[in-house]
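Here's a walk through a structure, taken one region at a time. Keep the viewer open and follow along.

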Amino acid sequence: MAIINAQGREVADSWTTSEPDAAPAPYAIIPLADLPPAGEKLPAPLGVQLPPGAVLEDIAARLGSFALIAIEFPKFRDGRGFTLARTLRQKYGFKGEIRAVGHVIPDQFVALLRCGFSTLSTSPEHPAAQWHLPSATSPENPAHPGQLLHRLMNRGLAA
Amino acid sequence: MSLSIISANRLRDGRTVWRTANGEWAEDVQAAGALDAQALALGLQAAALQPQTVVDVHEAAVTLAADGTPILTAQREQIRATGPSVRPDLPVSTWGATGAALPPLPSETSTSPFAGIYRYDDYDRQFLRDRAAQFGDQAARRLAGELSEDEFKPLRLMNGLYLQLHAYMLRVALPYGILSAAQLRQLAYVARHYDRGYGHFTTRQNIQFNWLRLEDAPAVLALLAEAGIHAIQTSGNCVRNVTTDEFAAAAADEIVDPRVYAEILRQWSTDHPEFTYLPRKFKIAITGSPQDRAAVRVHDIGIMARRNAQGEPVFQIFAGGGLGRIPVIAVKLRDELPVHDLLRYVEAILRVYNALGRRDNIHKARIKILIREMKPEHFIEMVENEFASLPADYCVLEADVVAAVAARFGAPAFETLEANPAAFSSALKDHRAFRAWVRTNTHPHRQPGYISAVISLKTPGSIPGDVKAEEMDKIADLADRFSFGELRVTHQQNLVLPHVRKADLHAFWSELVTLGLAAGNIGLVTDIIACPGMDYCALATARSIPVAQRIAERFAGPERQQEIGPLDLNISGCINACGHHHVGHIGLLGVDKSGTEVYQITLGGASDEKAAIGTIIGPAVPTEQVPETVEKIVNAYIANRTEGETFIDTYRRLGLAPFKEAVYGNH
Ligand code: HEM
Ligand code: SF4
């Protein structure tokens, strides 16, 4: 499906989702369960796809080998993916692309961005045209400094 | 042959509707077609194809009257068809906006003094307006079919809009229970023009409107925004309205002003990008004094201010308390959390919960279950690890941040007054009824010459927590006249005028007498906490309001109540425990036993510093016998108490036995 960037614009995408048991290739997104054991030489750039219950500690040492981390949302109400993205950025300093895949809805766009997602994969129910940022003057725009507390703490929350 | 009819609520206004034989939706249950099993299956299939017209499509069992009209079997469905049994004056009908022009908003002409509510700036005002507009857009997309009900529901819940038995219900946040007279008038306006003339104050310091139409909800949110009120995060699996002590910033025994931290938590949690799709709802309570007036130990996170050995304010942090079907008293995580770490610590707790809380079973999704399943020691260790790994400069509540938020609460212009004015002493001496009311319905103020006064919304016979639009307006006028235009909502469903001059208290009380709101029963047996129960609530198994009314009527005599003394009596209409029955000294839980309502009784619950979950006394009693049974329990207490001993202390000394004997013994 179409990929949307942080501005809500459709972007070209060179990544492919790896078939189960396929050998890793450049620009493949491999499910976490199929990741070769640590120490094995991996092609680059490489992506990994995390289920919502992934334990980041288990792959902390290998995060440097990924250019992209896709995070699955089985249901938009399942908010674990937000914590995964936040933790990747804040605790592990991950600098690559973080992509939301699965069931996410346009009403979650700003929250996804504020948790550190860079792109998302759209669905037939919510095609690219439904995703746009609140206007630059809207308090909901992620660039807005926010309520008093956030201004005082400089959003204190930036991922 | 068993027969059923098909019912639903209409999407656009929430009104109950019934499916006719030719597949239309009728407002009158008499028009419904009775169906056998096969026709029912077909009818349900057809109705499922109309998600833009109706929601909550379900079957309801019926029998047929002699003339062939269907008679609903279940009480719940009967109430849906006719209206709340406790409001015969409000039969189900079409209500709401008539299209006629409405009068100007009270906020446009308000001359109320600016009460000690948090002062919003342009950003906040725009935020609330945009939020109302955003919800308008979401509702329009739902009505147009762009959003499914499954997707829309969490969005409407995040804006406080539930679907109940008769209509949509809007739960409006009154942040930490503080509200201005001007805001109360705006609420009265909603009750009068968009609802059916009243609102219901809840134990979570919110107000609920029972008869909102989805079509009107965006307009209501927009007009509330003009008075700085919103319904954001009053429902849904997010951080809910933070609750606190109703005497905040007035109580003589306060260590920190809990409003400031509650407001900080509100801003931090509003639209929190990470914590808006939690496994389940999340409730935080904070109390600023060593006396727990906010029931912190039965909240997901409870925060209690105290002083450390150096005399500095610090917070005790509890987590994992809760009521509902599995009542739990919270575990303590920290004894002395430095004030500047408050947000960081709360964030660490939520992060662990969001990652690990159960999402497979709604009844096991609260944080209390996570803590129990992973054991408190392990949970605390994980929170501490998470806390330790947060960046050092992240979310720190520096003193200047706290001070800047605190500065937004206008301080009332207190006068320098005599601590005990002669007018007050002589009024106390001369008027017995006033004296009795002062004893129960006031609380000491830290400012000499002032006092906090509680307006009971529990006049025996009334519906606990319900207030009519006219009463709201009149109470707002009293707040302007006597309390700097400021009010509080208590978690016992009463209202407070926080800053009344003692010299004016008698005049204030006299006004309450005129309004019929002078019940001097705060903390007494008729100050009953009751949830809406089956008269309104879609989840209920029993009607709780009529039980509250019957008990209050039985104990209505002021002398009798005084003789009994402090006693918390709490009633819930189902196991979800919105009426806090587990922590009532006497708790009543309505359950359905093969089609009849019965009440399970617990004793010994408490929500204060000695928080405890009540113990079931024995087999449930039929609803009609509840008032009499409560009387037996009360009499057993009076027979057994020592000089000056309260109900709960007698219970703690003697346990269940004498009460059990009184209720079930052979007499
Ligand atoms: C009428 C619509 C209402 C619905 C659908 C509703 C639903 C629920 C549910 C499902 C729970 C249990 C949550 C759980 O255990 O996870 C609950 C708990 C609770 N509700 Fe309500 N409720 C309603 C009204 C109220 C009202 C009117 C009040 C205040 C008077 C209230 C206050 C509470 C409180 C204090 C709890 C206990 C908190 C806890 O579980 O820890 N609710 N509610
Ligand atoms: S306790 Fe049950 S009946 Fe009462 S309001 Fe809560 S969910 Fe409804």
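Which residue is the only protein donor of the iron atom of ligand 1? That would be B:Cys578, whose SG sits at 2.1 Å from the iron. Donors here are N, O and S atoms within 2.8 Å of the metal (3.2 Å for Na, K and Ca), and water is not among the atoms, so sites may look incomplete.

Before going further, a bit of housekeeping. This is a predicted model, where local features need pLDDT of at least 70 and side-chain atom pairs count only at pLDDT 80 or more, while totals for chains, interfaces and linings use all residues. Residues are numbered from 1 along each chain as its sequence is written, chains are lettered from A and ligands numbered from 1 in the order in which they are written, and side-chain values use heavy atoms, with hydrogens and water left out.

Back to the cysteine. B:Cys578 is in the loop between β22 (569–572) and β23 (586–593) of chain B; helices (H or I, at least four residues) and strands (E, at least two) are DSSP runs, numbered from the N terminus. B:Cys578 also turns up among the residues around ligand 2, along with others including B:Cys531, B:Cys537, B:Cys574 and B:Asn576. To be listed there, a residue needs a heavy atom within 4 Å of the ligand. Sorted by class, that shell has eight nonpolar residues, three polar ones and no charged ones. For that sorting, Ala, Val, Leu, Ile, Met, Phe, Trp, Tyr, Cys and Pro count as nonpolar, Asp, Glu, Lys and Arg as charged, and the others, Gly among them, as polar.

Now look at strand β22 of chain B, which holds B:Asn570. B:Asn570 has a relative accessible area of 4%, so it is buried (under 20% relative accessible area; exposed is over 50%, partly exposed in between, with a 1.4 Å probe and protein chains only). Leaving out residues up to four places away in sequence, B:Asn570 touches nine-odd neighbours worth finding, among them B:Ile529, B:His580, B:His581 and B:Leu588. Contact means heavy atoms within 4.5 Å.

Step back to see how chain B is divided. Its domain assignment gives domain 1 (3–82), domain 2 (119–225), domain 3 (250–407), domain 4 (422–515) and domain 5 (529–664), with bounds that come from an automatic or database domain assignment. The C-alpha centres of domain 2 and domain 5 of chain B lie 33 Å apart. Their contact takes 10 residues from domain 2 of chain B and 10 residues from domain 5 of chain B.

What about the interior? The largest nonpolar core has 102 residues, and those with the most contacts inside it are A:Ile71, B:Leu187, B:Leu505 and B:Phe508. Domain 2 (119–225) and domain 4 (422–515) of chain B each give this core at least three residues. A nonpolar core is a set of buried Ala, Val, Leu, Ile, Met, Phe, Trp, Tyr and Cys residues joined through side-chain atoms within 4.5 Å. A second, separate core of 61 residues includes B:Val260, B:Phe282, B:Ile286 and B:Val352. In soluble globular proteins, nonpolar side chains tend to be buried together.

To get a feel for the surroundings of A:Ile71, skip residues up to four places away in sequence: its contacts then include A:Leu50, A:Leu84, A:Ile98, A:Val101 and A:Phe117. B:Met472 is another one to click on, in helix α15 (residues 469–482) of chain B. B:Met472 counts as buried because its relative accessibility is 0%. With the same sequence neighbours left out, B:Met472 touches residues including B:Leu184, B:Leu187, B:Tyr198 and B:Ile207.

Next comes B:Ile522, in the loop between α16 (505–515) and β21 (529–530) of chain B. With a relative accessible area of 17%, B:Ile522 is buried. B:Ile522 and B:Arg439 are 83 residues apart in sequence, yet their C-alpha atoms are 9.2 Å apart in space.

Finally, some backbone oddities. Most residues other than glycine have a negative phi, and most peptide bonds are trans. A cis peptide bond joins A:Ala44 and A:Pro45, with omega about -10°, and A:Pro45 lies in the loop between β4 (28–31) and β5 (46–50) of chain A. B:Gln233 is not a glycine, but has a positive phi of about 60°; look for B:Gln233 in the loop between α7 (217–225) and β11 (243–244) of chain B. B:Ala249, not a glycine either, has a positive phi of about 60° and is found in the loop between β11 and α8 (258–269) of chain B. B:Gln233 is buried at a relative accessible area of 4%, and B:Ala249 is buried at 6%.
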